[in-house]
Amino acid sequence: MSTYGISVSKPGVNARTVSDKDSQFKGSFTTLKILKSGEAAFQTNGSGNGSLSVRHGLGFSPAFYVFRKGTASFSFLDATSYSNCYFPNPEATNEWISGTFSCYTTTSDLIISATSQAANTIYTFKYYIFIDLAQDFSGNQIFTLKNQYGIEIGKSGKNVKTSQDYEKSYSNKYRSLQYYKESFQAGALPSLPAMNGRVNSDTSSSIAQEGSYVDIQHGLGYPPFFLVFATSTSLSFLSPVVDGGGIFDTSATLIHGWCNNSIIRITHYRENTGTTSSPDGGGLGGSSFINYKCFIFTEDLAS
Amino acid sequence: MATNYNAYYLFSTQMYWWEYNGGDTGTAFQVGNDAVFGVSKGAMRFENITVAQGTTVYDAQIFIWVGLKSGSNIKIKMHGIDEDNTSAFGSNPFGRPQTTAYSLLDDSIPSSGQWRSINATDSINEILARSGWASGNAMGFAFQDNSSSADSWIFDASSNHGSLLFIKLAADPDFTPTPTGVLAPSFPIDPKYGIKISNINAKTATSKQLYYFSGKKELQTLKRLKLTETVPQTHHTLPYLPCAIGYFEDANGMHMAGSYLSQFDVGVGTLYVNNEYVFIYPGVGKFAYVYVFIDPLG
């Protein structure tokens with residue numbers, strides 16, 4: 001850490017000597033700063049198409065995150081359905097809820113759109129738009145929150161008074177993404193049975209599949225913003241993971257998460273969907289262990 | 001604590017002498033250039049100097065009392081009288097041996113009733129170094145004019161002797177306190193303590209209402225940068241697997257990176273981390289933007 005700046009540590013820990021990764025906050029590191037957040041919804045038309053846009057007006061594509069709100073249901077793993085759940089990154093398939101949606105930011109808007117999804121259906125999302133960049137940009141923000149008083153921390157070598165908000169380490173104009181807690185979980189994927197094969201048109205034949213989930217009792221009483229990383233040996237992937245390339249030693253491993261007022265559920269699931277004539281990639285998947293790191297933040301997805 | 005300062009006064013007869021053009025007297029002291037009495041030189045004698053033989057004093061000043069005066073500036077050269085124990089000035093003392101050390105003064109003459117000081121440190125130390133010097137002996141000093149302007153003089157009136165010798169034996173003690181360590185205070189792990197920032201009452205805001213709370217850890221960005229098709233990775237330089245998020249470009253805009261393949265080309269949008277790199281594959285001719293956080297995954 002440079003000689004000058006702010007360092008915040010946990011009680012009992014020397015803020016001058018605390019390591020970067022163990023610090024609560026250091027002014028030399030940028031935080032993700034929430035410009036705006038909210039719930040938004042749209043209804044698809046008869047063709048299952050629809051969209052919404054949230055204007056940010058920044059002049060650059062900002063960082064963002066979207067959760068889809070809905071009911072979690074996956075009878076293969078759990079007979080119970082869970083309402084008012086939040087699913088991260090709706091662009092990915094998720095065994096607990098059907099449909100995928102395109103989510104992206106432009107220099108003016110956050111766009112969430114549906115193509116050929118269920119017709120005449122309302123889809124609801126929770127979005128976060130950060131003041132931080134999702135692209136290279138060095139110009140002036142078109143708009144900024146006006147707040148002459150408060151605390152702002154600039155990057156080393158940058159004049160905090162003249163820096164753009166996206167350049168600052170912290171500004172009290174914006175909520176920052178703060179931890180509630182971290183959680184480590186482990187999941188096991190036992191060996192997947194050999195594919196016995198089925199005729200393409202014969203959907204009654206069994207599909208070799210297996211999966212499991214781990215639940216984190218977050219204790220917040222509301223659904224929190226969370227991130228899940230799945231780690232196997234020396235690789236780690238940001239969930240949702242739709243693995244068609246044998247990352248976790250099998251075909252089509254799916255790693256999903258969702259949360260509600262009480263739990264964060266992380267699911268690992270895989271299946272063999274080959275046919276008799278076209279067995280899926282050799283058919284066998286070896287056992288595998290996956291470690292999960294879940295970051296739970298104080299943000300309330302339901303508010 | 002021993003006294004560091006001593007003051008000695010002229011307050012009796014045979015303690016001073018005045019030699020002027022054509023005469024001298026033991027009834028007063030004068031030095032300078034007198035329009036009437038001509039160039040004047042004076043002598044002073046201080047008794048009972050309680051400084052041990054061999055002592056090197058830190059500082060000594062003779063404060064010449066200005067009983068009467070003339071002119072605005074005075075120039076003086078002063079020697080000590082180099083004797084073990086200067087006897088009373090019953091006669092003209094200017095024939096007595098003088099110290100090699102001397103002091104010069106070139107300064108304004110203050111108003112009557114004030115003093116003008118001259119440094120006597122070197123002369124006194126020379127006398128103190130004499131083997132025959134003993135504490136309690138008397139010291140004498142000879143003052144001569146050193147080309148003062150016409151009619152510039154200082155007179156110490158015989159009935160109002162105020163000249164004094166001021167000896168400082170040692171430098172002032174250093175009272176600078178020694179810094180002491182203070183044990184780090186033990187703060188209770190209580191959410192009441194720390195820094196809270198919010199747009200509502202920070203004291204009553206809940207965790208999710210706060211904009212910032214020092215009791216909670218921030219997700220902190222180590223680096224953020226653009227990745228390209230040809231360079232889709234960045235060194236994170238950390239000794240552990242770090243947390244990372246990112247975005248990748250398509251024709252519409254920037255999408256969240258993850259590891260999903262259904263609606264994009266194979267591998268596009270995949271974010272993964274290994275011991276060296278954070279990787280996002282952006283697709284042909286496209287770019288990605290990655291945030292590498294300081295937070296570990298292990």
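A salt bridge here is a side-chain nitrogen of Lys or Arg within 4 Å of a carboxyl oxygen of Asp or Glu. A:Glu39 and A:Lys69 form such a bridge, with their closest N and O atoms 3.8 Å apart. The model is predicted.

**Salt bridges**

The A:Glu39–A:Lys69 pair links distant parts of the chain. A:Glu39 sits in strand β4 (residues 33-43) of chain A, A:Lys69 in strand β6 (residues 62-74), and 30 residues separate them in sequence. A:Glu39 is partly exposed at 46% relative accessibility. A:Lys69 is partly exposed too, at 26%.

Over all chains, the search finds 12 salt bridges. Among them are these four:

| Pair | Closest N to O distance |
|---|---|
| A:Glu39 and A:Lys69 | 3.8 Å |
| A:Arg55 and A:Asp109 | 2.8 Å |
| B:Arg130 and B:Asp82 | 2.8 Å |
| A:Asp132 and B:Arg224 | 3.8 Å |

A:Arg55 belongs to strand β5 (residues 50-55) of chain A and A:Asp109 to strand β9 (residues 109-114), so their bridge ties together parts 54 residues apart in sequence. A:Arg55 is exposed, at 54% relative accessibility. A:Asp109 has a relative accessible area of 9%; the limit for buried is under 20%, so A:Asp109 counts as buried.

In chain B, the bridge between B:Arg130 and B:Asp82 spans 48 residues. B:Arg130 lies in the loop between α1 (121-128) and β11 (137-145). B:Asp82 lies in the loop between β8 (73-81) and β9 (98-108). B:Arg130 is partly exposed at 25%, while B:Asp82 is buried at 17%.

**The interface**

Chain A gives 70 residues to the contact and chain B gives 54. About 5,400 Å² is buried between chain A and chain B, and carbon and sulfur atoms give 58% of that area. The interface holds 1 salt bridge. The side chains of A:Asp132 and B:Arg224 meet in a salt bridge at 3.8 Å, N to O. Shared partners join A:Lys33, A:Asp132 and B:Arg224 into one network.

**Nonpolar cores**

The largest nonpolar core has 81 residues, and A:Phe130, A:Phe225 and B:Tyr247 touch the most other members. Strand β10 (residues 122-133) of chain A supplies the largest share of this core, 8 residues. A second, separate core has 31 residues, including B:Phe29, B:Ile62, B:Ile109 and B:Ile154.

Leaving aside residues up to four places away in sequence, B:Tyr247 has contacts in both chains. Its chain A partners are A:Ala63, A:Phe64, A:Phe130 and A:Ala134. Those in chain B include B:Met254, B:Ile280 and B:Tyr291.

**Aromatic contacts**

There are 31 aromatic pairs over all chains. B:Tyr20 and B:Phe37 have ring centres 5.3 Å apart and planes at 70°, so this pair is edge-to-face. B:Tyr20 is in strand β2 (residues 16-20) of chain B, and B:Phe37 is in the loop between β4 (29-34) and β5 (38-49), 17 residues apart. B:Tyr20 is partly exposed at 23%. B:Phe37 is partly exposed at 34%.

The B:Tyr272 and B:Phe279 rings have centres 4.7 Å apart and planes at 25°, so that pair is stacked. B:Tyr272 is partly exposed at 22%; B:Phe279 is buried at 18%.

One aromatic cluster in chain A includes A:Tyr65, A:Tyr128, A:Phe225 and A:Phe297. Charges also sit over rings. A:Arg265 lies over the face of A:Tyr213, at 3.7 Å from the ring centre. B:Lys77 lies over the face of B:Tyr102, at 4.4 Å.

Technical notes:
Residues are numbered from 1 along each chain as its sequence is written. Chains are lettered from A and ligands numbered from 1 in the order in which they are written. This is a predicted model: local features need pLDDT of at least 70, side-chain atom pairs count only at pLDDT 80 or more; totals for chains, interfaces and linings use all residues. Side-chain values use heavy atoms; hydrogens and water are left out. A nonpolar core is a set of buried Ala, Val, Leu, Ile, Met, Phe, Trp, Tyr and Cys residues joined through side-chain atoms within 4.5 Å. Buried means under 20% relative accessible area, exposed over 50%, partly exposed in between (1.4 Å probe, protein chains only). Helices (H or I, at least four residues) and strands (E, at least two) are DSSP runs, numbered from the N terminus. Contact means heavy atoms within 4.5 Å. Rings of Phe, Tyr and Trp (its six-membered ring) pair if their centres lie within 6.5 Å; planes under 30 degrees apart count as stacked, over 60 as edge-to-face and the rest as tilted. A charge sits over a ring if NZ of Lys or CZ of Arg is within 6 Å of the ring centre and within 35 degrees of the ring normal. Buried area is the accessible area (1.4 Å probe) that two parts lose on being put together, summed over both.
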